[in-house]
Amino acid sequence: MSKNLRWRGIIIAIFIVIALIYLVPSMPGGMPQWWSGVLPQDKIHLGLDLQGGIHLILEVEAEKAVENDLERAVDDIKDELRKEKIRYLDLKREGITGINVTLMREEDKGTFKDMISARYREYDIKDGGSVENGARYTLLLKQEARDEAMKLATEQARETIENRIDEYGVAEADIRLLQNHRIQIQLPGVSDPDRAKDLMKKVAELEFKLVDTENSIDEALKGNVPPGREVVYEVDRDRISGNVTRTPYLLKKRVELTGKYITDARVTLDPQDGSPYVSLSFNNQGARIFERITGENVNKQLAIVLDGNVYSAPNIDEKISGGNAVIRGRFSMDDARDLAIALRAGSLPAPVKFLEERTVGPSLGQDSINKGFLSMIVGAIAVVIFMAIYYGVSGLIADLSLLIMFVLIMAGLAAFKGTLTLPGIAGIILTIGMAVDANVLIFERIREELKLGKTPRTAIDAGFSKAIVTILDANITTLIVAIVLFQFGTGPVKGFAVTLTIGIVATMITQVFITRFIFDYLYTKLNWKRISV
Amino acid sequence: MQLIKDDVNINFIGNRKKAYAFSLALIVISILLLLYRGGPNLGVDFTGGTLIQVKMAKAHTPAELREALKPINLQDSIIQEFGEKDLFEYLIRVQNPDIESEGLEDKVINVLSEKFGESAEMRSFEMVGPKVGSDLRDKASLAILYSILLIAIYISGRFELKWAKSITMTVALGFVIFIASKMGASIVWLSIIVLIATIILLWVLNLKYAMGAVIALVHDVTITVGVFALTDREISLSIIAALLTIIGYSLNDTIVVFDRIRENVARFKKRDLGEVMNTSINQTLSRTILTAATTLVAVISLYVLGGAVIHDFAFAMIIGIVIGTYSSIFVASPVILAWEGKAEKKK
């Protein structure tokens with residue numbers, strides 16, 4: 001019996017020491033100097049409702065990405081057809097399903113089909129009906145290809161956003177993919193949510209297009225847009241008055257150069273008036289293209305189009321080699337910096353929509369921590385006092401177990417990297433109330449056994465064994481609820497489920513092993529005769 | 001110290017008709033209230049919309065704030081005081097889906113501090129898109145449904161050792177879920193249908209203990225939601241968590257009583273079931289009241305000291321614990337007894 005006791009005592013002691021070790025990093029004051037890397041380093045992770053910060057769910061409009069892919073394919077195929085000298089009447093994207101082609105000469109059918117099956121394998125060729133002279137086809141994008149494109153777009157979006165946030169500099173940012181092309185972003189401690197949201201939402205699609213000086217812009221504005229041209233506006237928002245001016249430009253639709261070729265984007269201050277501008281560096285291929293464009297179009301204007309608006313349209317004074325360009329606009333320092341970040345990190349493959357946002361300011365977070373802990377301590381003290389009064393010395397033993405249980409719960413949170421949220425604190429308070437239940441069950445049984453005339457030791461044995469079954473049953477059902485909550489819950493509710501689960505397990509361990517051990521020790525080893533319960 | 005005497009012998013079972021009446025009245029009132037208000041008062045989590053918590057430097061009436069928000073088109077939002085009066089905090093709820101959430105946080109703070117010439121602080125901001133809102137509604141219904149289902153299955157197996165029947169019921173329910181979802185029912189209605197199907201199945205399969213427990217749980221949840229409707233409080237995601245916790249707690253209680261009944265039924269084979277149940281409830285009364293008391297103490301501490309954010313959650317827990325304890329004593333066992341009574345009469 002006493003050997004058994006010693007072993008149990010040692011195991012419990014080890015357990016408690018390990019728990020305390022896991023708690024050291026979370027202590028106010030942090031880890032001491034000598035706390036080496038082998039020992040646990042993580043503080044208890046606080047939820048956003050306690051730390052302050054932003055929780056966002058974005059949806060990537062992946063279908064747009066498919067549209068973009070199809071548009072690119074249209075441009076590519078046009079080039080290919082020109083090379084093969086195949087004349088076409090019509091070559092247009094059809095929604096997100098495919099591309100419609102009308103060839104002008106029947107003889108080209110074979111070459112066309114060969115070309116598509118060789119180089120555009122993600123499309124199925126369907127006959128589009130007969131035409132007098134020529135052939136009509138619909139190139140349908142295969143389902144797998146479309147799904148793949150959407151999945152890829154979502155992953156690229158996630159990566160791009162992660163890069164931008166990295167640059168923005170948020171410690172412990174959490175970015176992950178969810179189902180249905182959604183991305184979940186958690187940024188603890190961010191104090192300017194609007195700026196962060198803007199940064200993430202920016203598509204940052206940079207395109208260089210040539211300004212059309214031959215055709216009349218006024219004609220175009222009336223509705224007569226020449227083929228291969230489009231009207232794009234420069235949007236200027238006056239910083240002070242808030243007035244918006246829109247200046248139209250007639251641009252060639254063809255994209256000469258995109259942001260994909262940019263290797264770097266830096267904010268520089270204009271030496272003359274101190275206003276910020278963004279200077280770009282292209283990679284080798286981009287530099288070559290830029291050189292060619294500027295060389296072929298001296299004295300014409302090159303429009304820099306960002307997210308569908310003209311940012312500026314400077315004159316090309318001479319051929320530019322070396323691959324550097326500059327974007328000027330009416331930026332504030334923050335605007336310039338965010339633009340540079342967006343360009344460096346790359347453009348989003350498709351626009352994103354905000355589905356859900358929860359922001360908690362840091363002051364509210366701190367408040368919640370303070371109030372949560374205060375109510376927890378007061379509640380715990382009330383319970384402790386009550387137990388001591390109602391059950392005497394046995395009550396004090398129960399209180400000791402409660403303290404150990406609390407340590408185990410906090411250690412469990414630290415060890416399993418669970419997140420403590422405000423509902424989680426409520427969960428701990430609940431667990432304290434319910435842990436008492438196990439004690440009450442045991443003590444009431446012991447009282448009954450004592451009344452039947454049994455000795456303290458026998459009564460204790462009987463009390464524990466009979467109560468254990470009930471305790472397990474009751475805790476399992478609460479565990480079922482906690483698991484369901486974990487499955488279906490999000491954010492703070494999930495934190496609640498985790499804390500509740502850890503609490504239940506801690507309660508069971510404490511009541512089944514530790515309280516039992518203390519009683520056995522006192523009444524067997526120390527040979528207490530009377531029991532106050 | 002002992003609050004409940006050893007020889008306590010309150011005739012719970014004898015008074016069950018009164019308890020039925022009381023419970024029924026509460027449930028009917030709850031349902032009527034909910035119907036009258038067109039459903040529970042759902043928070044932005046479930047309806048979609050934006051909820052903004054601001055802190056001003058001085059007290060303001062909701063009307064003043066609404067006037068101040070006109071320039072950004074928010075004059076139709078619902079504005080109320082939040083928390084203690086001396087904190088000057090207000091909740092602005094924007095239901096209109098056409099309001100741009102872009103930059104809304106900055107706009108609100110700027111407009112408010114402009115108008116009143118004092119500092120305005122954004123304490124928290126929640127925006128839930130309509131898609132997410134209906135998603136969360138679905139998840140909440142499913143969570144409550146699955147909890148009750150799993151519990152029904154567990155109790156059938158554990159207390160009646162009828163695991164086979166338990167499995168039959170699971171399969172049958174799976175079938176019902178399948179058919180109902182094919183009919184295109186919304187998830188919320190589907191959950192209600194499956195719940196009713198569960199109760200019917202429990203009846204048909206004669207799983208009395210599970211039946212008693214499930215009815216007690218449904219009783220508890222309905223009345224708690226009813227009290228929320230009565231006090232015009234919002235049902236948010238954390239309240240759903242509270243409801244599920246109440247299910248867990250009430251079940252806890254109920255199982256303790258069931259355990260004792262089972263033990264006593266085995267011991268006093270000759271006695272009439274009603275008498276055995278009464279004895280069992282009285283024997284566990286001490287424990288039931290004590291646990292309820294200590295858990296209540298802890299939760300009341302949360303209610304009083306925990307701050308405005310967790311306030312409604314604590315309120316739900318208080319109601320739930322009280323009603324849950326009541327149902328373990330006055331609802332779960334009598335239901336089983338009523339059944340046995342019918343079975344006896346049939347013989």
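Helices (H or I, at least four residues) and strands (E, at least two) are taken here as DSSP runs, numbered from the N terminus. With these names, B:Asp232 lies in the loop between α8 (208-230) and α9 (237-267) of chain B. The model described here is predicted.

**Backbone outliers in chain B**

The phi angle of B:Asp232 is near 55°, a positive value in a residue other than glycine. B:Asp232 has 8 other C-beta atoms within 10 Å and is therefore exposed, since the limit for that class is 12 or fewer. B:Phe88 also has a positive phi, of about 55°, although it is not a glycine. B:Phe88 is found in the loop between β2 (78-82) and β3 (89-94) of chain B. B:Phe88 counts as partly exposed because it has 19 C-beta neighbours inside 10 Å, where 20 or more would make a residue buried.

**Contact between the chains**

In the predicted model, 54 residues of chain A are in contact with 55 residues of chain B. On the chain A side, the elements that give two or more residues are α6 (193-201), β18 (352-360), α10 (362-415), α11 (422-451), α12 (456-488) and α13 (491-525). Of these, α10(A) gives the most, with 15 residues. By class, the side of chain A that touches chain B has 32 nonpolar, 12 polar and 10 charged residues.

The strand β18(A) also pairs across the chains: with β4 (residues 121-128) of chain B, it forms five bridges in the antiparallel sense. Within β4(B), B:Phe125 stands opposite A:Thr359.

**Strand pairing**

The table lists antiparallel pairs, with a facing residue pair for each.

| Strand | Partner | Bridges | Facing residues |
|---|---|---|---|
| β18(A) | β4(B) | five | A:Thr359 and B:Phe125 |
| β13(A) | β14(A) | seven | A:Leu269 and A:Pro276 |
| β9(A) | β12(A) | two | A:Glu207 and A:Thr258 |

Within chain A, β13 (residues 262-269) and β14 (residues 276-282) pair in the antiparallel sense. The two strands form a hairpin with six residues between them. In its turn, A:Gly274 has a positive phi of about 70°. A:Leu269 has A:Pro276 as its bridge partner in β14(A).

Chain A also holds an open sheet of four strands in the order β12-β9-β15-β16, with antiparallel pairing. Its edge strands are β12 (257-258) and β16 (309-312), each of which pairs on one side only. The edge strand β12(A) is joined to β9 (residues 206-210) of chain A by two bridges. There, A:Glu207 stands opposite A:Thr258 in β12(A).

Terms used:
Residues numbered from 1 in each chain as written. Chains lettered and ligands numbered in written order. Predicted model: local features only at pLDDT ≥ 70, side-chain atom pairs only at ≥ 80, totals over all residues. Contact = placed C-beta atoms within 7 Å. Nonpolar A, V, L, I, M, F, W, Y, C, P; charged D, E, K, R; others polar. Pairing = 2+ DSSP bridges.
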